[in-house]
Amino acid sequence: MQPRNMSMSGVVDLAAVKAAQEAKAKAEQARAEAAKQGGGGAVSTASLVIDVDEAGFERDVLQRSTEVPVVIDFWAEWCEPCKQLSPLLERLAAEYNGRFVLAKIDVDANQMLMQQFGIQGIPAVFAVVAGQALPLFQGAAPEPQIRGTLDQLIQVAEQRFGLTGLTVDPDTEAGPGVEAEAAPEVPAGPYDALLEAAVQALDAGDLGGAVQAYKNVLSDDPGNTEAKLGLAQAELLQRVQNADAQQVRKDAAENPADVQAQIAAADLDLVGGHVEDAFGRLVDTVARTAGDDRDAARMRLLELFEVVGSDDPRVTAARRALARALF
């Protein structure tokens, strides 16, 4: 693996502040709903900090980074600053409660990884998001600086890659002999009427009305999962409503380098139930493009993930394929 030379500030500049805040609210909502439903797929607090070696790097870091940001702490037993930084990072991993996973790599035992990341001194901290390596900082940085960097990392992961982190089993958060607190109840928003109006508009074929109704909910409650899913579905149907399917597919077949043609064909693929074809088409487009074209294909792919649902195994597989294409 050859890490990219990317600065954190350069990535963060691409994310609009409002969109990042909405993505964060969505992540909170997803975690709260998973907890209310019994914490399906939840992980233990202990699994938020892992020791990683060269043999397990692809599985424990690269693959895991398609689900959650992975922060890498390069350390060694003889490194005095590491003895200050590592416990702080471990404490923050528990405090951030699944928003990132901390991978600890002993450089003495994993010289190849140290060389591949181009590390000149330790402690050194990197992150991997959807397969992309990001240098964070070197040395024992002060806690406020580290928190700020982590907050930026989480915003980028949510905004650009749709990574909402892991759900942590609340029963594992308390120490021995301490009763774990129950997850707080999240009151439902007063949006039942608006959501019902959106459904009725969909049933009546009023896609514009449905889109607006869902947007009305999200303007006040950006984390509303039902509205987010409904909006993605309504916008997809709106995009293909007046499309000439035969012409769209002809254009895509004759112009494989035309990104907009591939995006339009992917929309039709998904509406027709050909989920893997839609995802594969856009992943291939991402892999062979760059700049604005690549970003357009990637963003549409993330929108289609919303339509299908993050729990669908086809989405999980496509996220991994997207990470490989980007990296």
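Which residues form a negative surface patch? In this predicted model, the patch is made up of Asp192, Glu196, Asp203 and Glu226.

## The negative patch

Helix H7, residues 192-203, supplies the largest share of the negative patch, namely three residues. Asp203, one of the patch residues, is placed in helix H7. Its relative accessibility is 67%, so Asp203 counts as exposed, the cut-off for that class being over 50%.

## Salt bridges centred on Arg239

Across the whole structure, a search finds 15 salt bridges. One of the pairs is Asp267 with Arg239, whose closest N and O atoms are 2.8 Å apart. Asp267 belongs to helix H11 (residues 259-271) and Arg239 to helix H9 (residues 225-240), so this salt bridge ties together parts that are 28 residues apart in sequence. Asp267 has a relative accessibility of 3% and therefore counts as buried. For Arg239 the value is 30%, so this residue counts as partly exposed.

Arg239 also meets the side chain of Glu303 in a salt bridge, with an N to O distance of 3.7 Å. Glu303 is in helix H13 (residues 291-308) and Arg239 is in helix H9, so the pair links distant parts of the chain, 64 residues apart. Glu303 counts as partly exposed because its relative accessibility is 32%. Arg239 thus has a salt bridge to Asp267 of helix H11 and another to Glu303 of helix H13.

## A pair within helix H13

Helix H13 also holds Asp295 and Arg298, which are three residues apart, about one turn of the helix. An α-helix has 3.6 residues a turn, so residues three or four places apart point the same way. The side chains of Asp295 and Arg298 meet in a salt bridge at 2.3 Å, N to O.

How buried or exposed are the two partners, Asp295 and Arg298? Asp295 has a relative accessible area of 31%, so it is partly exposed. Arg298 is buried, because its relative accessible area is 3%, and the limit for a buried residue is under 20%.

## Helix H6 and a salt-bridge network

Helix H6 covers residues 143-161, 19 residues in all. From its first C-alpha to its last, H6 reaches 26 Å, close to the 27 Å expected at 1.5 Å a residue. Its buried residues are Ile146, Thr149, Leu150, Leu153, Ile154, Val156, Ala157, Glu158, Arg160 and Phe161. After H6 comes Gly162, which has a positive phi near 70 degrees.

A network of salt bridges links Arg91, Glu95, Glu143 and Arg147. Residues 143-161 make up H6, and Glu143 and Arg147 of the network fall in that range.

## Gln262 in helix H11

Where is Gln262 placed? It is in helix H11, the helix of residues 259-271 that also holds Asp267. Gln262 has a relative accessible area of 3%, and so it is buried. Along the chain, Gln262 and Arg249 are 13 residues apart, and their C-alpha atoms are separated by 8.6 Å.

Conventions
Residues numbered from 1 in each chain as written. Predicted model: local features only at pLDDT ≥ 70, side-chain atom pairs only at ≥ 80, totals over all residues. Heavy atoms only, no water. Patch = residues over 30% accessible without salt bridge, like charges linked within 9 Å, V, L, I, M, F, W, Y side chains within 5 Å. Areas by Shrake-Rupley, 256 points an atom, 1.4 Å probe, with all protein chains shown as cover. Salt bridge = Lys/Arg side-chain N within 4 Å of Asp/Glu carboxyl O. Lys, Arg positive; Asp, Glu negative; His and termini not counted. Charge placed at Lys NZ, Arg CZ, Asp CG, Glu CD. Helix = DSSP H or I, 4+ residues; strand = E, 2+ residues; numbered from the N terminus. Buried < 20%, exposed > 50% of the residue type's maximum accessible area, 1.4 Å probe, protein only. Expected span 1.5 Å × (residues − 1).
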